[in-house]
Amino acid sequence: MTNPLVSIIVPVYNAQNSVARCLESICSQTYQELEIIVLNDGSTDDSLAICEQFRAKDPRVVVISKENEGLSLARNAGMRAAHGKYLQFVDSDDYIEPTFTARMVEAAEK
């Protein structure tokens with residue numbers, strides 16, 4: 001049995017001071033079947049450049065840039081782009097523990 005794909009949606013708006021920690025925590029998950037959808041919601045700081053660095057080093061990272069429309073519309077755009085069986089949302093100023101996604105999938109599959 002293969003592990004289901006999880007689409008992790010990360011809306012980003014002017015989060016240059018926190019987005020690297022956020023994306024590092026997602027890329028370091030013990031659960032590897034991930035699609036990491038980063039939505040740059042019209043950031044005017046270095047957020048986009050930081051997100052692009054993660055895309056360059058991890059093929060699971062997809063960066064979508066859009067005009068600023070707010071958190072809800074950014075999440076909706078992420079859901080439209082997602083291919084996973086499960087959706088997970090992580091805010092750009094937050095981070096997740098290494099086994100977070102694995103535990104989520106295990107619970108969902110039960």
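User: Which residues of the largest nonpolar core touch the most other members?
Analyst: This is a predicted model. In it, that core has 23 residues, and Val10, Leu23, Ile26, Ile36 and Val38 touch the most other members.

User: Which elements give two or more residues to this core?
Analyst: They are β1, α1 (19-27), β2, α2 and β3. The most comes from α1, with 5 residues.

User: Back to Val10. What is it in contact with, leaving aside neighbours within four places in sequence?
Analyst: Its contacts are Cys22, Leu23, Ile26, Ile37, Val38, Leu39, Val90 and Ser92.

User: And what lies apart from the big core?
Analyst: Another core, of 6 residues. Ile9, Ala74, Ala77 and Ala82 are among them.

User: Switching to the sheet. What is the strand order?
Analyst: β3-β2-β1-β4, with 4 strands in an open sheet. The pairing is parallel.

User: Why is one side of β3 and of β4 left without a neighbour?
Analyst: β3 (61-66) and β4 (86-89) stand at the edges of the sheet, and each has a single partner strand, so one side of each stays free of a neighbour there.

User: How many degrees are neighbouring strands turned against each other?
Analyst: 20 degrees on average, direction ignored.

User: How many bridges join β1 to β4?
Analyst: 4 bridges, with β1 spanning residues 6-12. Ile8 stands opposite Gln88 in β4.

User: Now helices. Which strands does α2 touch?
Analyst: Helix α2 (residues 47-57) packs on the sheet against β1, β2 (34-41) and β3. Its direction makes about 155 degrees with that of β3.

User: And where does α3 lie?
Analyst: Helix α3 (residues 71-81) lies across β1, β2, β3 and β4. It runs at about 145 degrees to β2.

Notes. Residues are numbered from 1 along each chain as its sequence is written. This is a predicted model: local features need pLDDT of at least 70, side-chain atom pairs count only at pLDDT 80 or more; totals for chains, interfaces and linings use all residues. Side-chain values use heavy atoms; hydrogens and water are left out. Two strands pair if DSSP finds at least two bridges between them. Axes are lines fitted to C-alpha atoms, for helices over the stretch in contact, and angles run from 0 to 180 degrees between N-to-C directions. Contact means heavy atoms within 4.5 Å. A nonpolar core is a set of buried Ala, Val, Leu, Ile, Met, Phe, Trp, Tyr and Cys residues joined through side-chain atoms within 4.5 Å. Buried means under 20% relative accessible area, exposed over 50%, partly exposed in between (1.4 Å probe, protein chains only).
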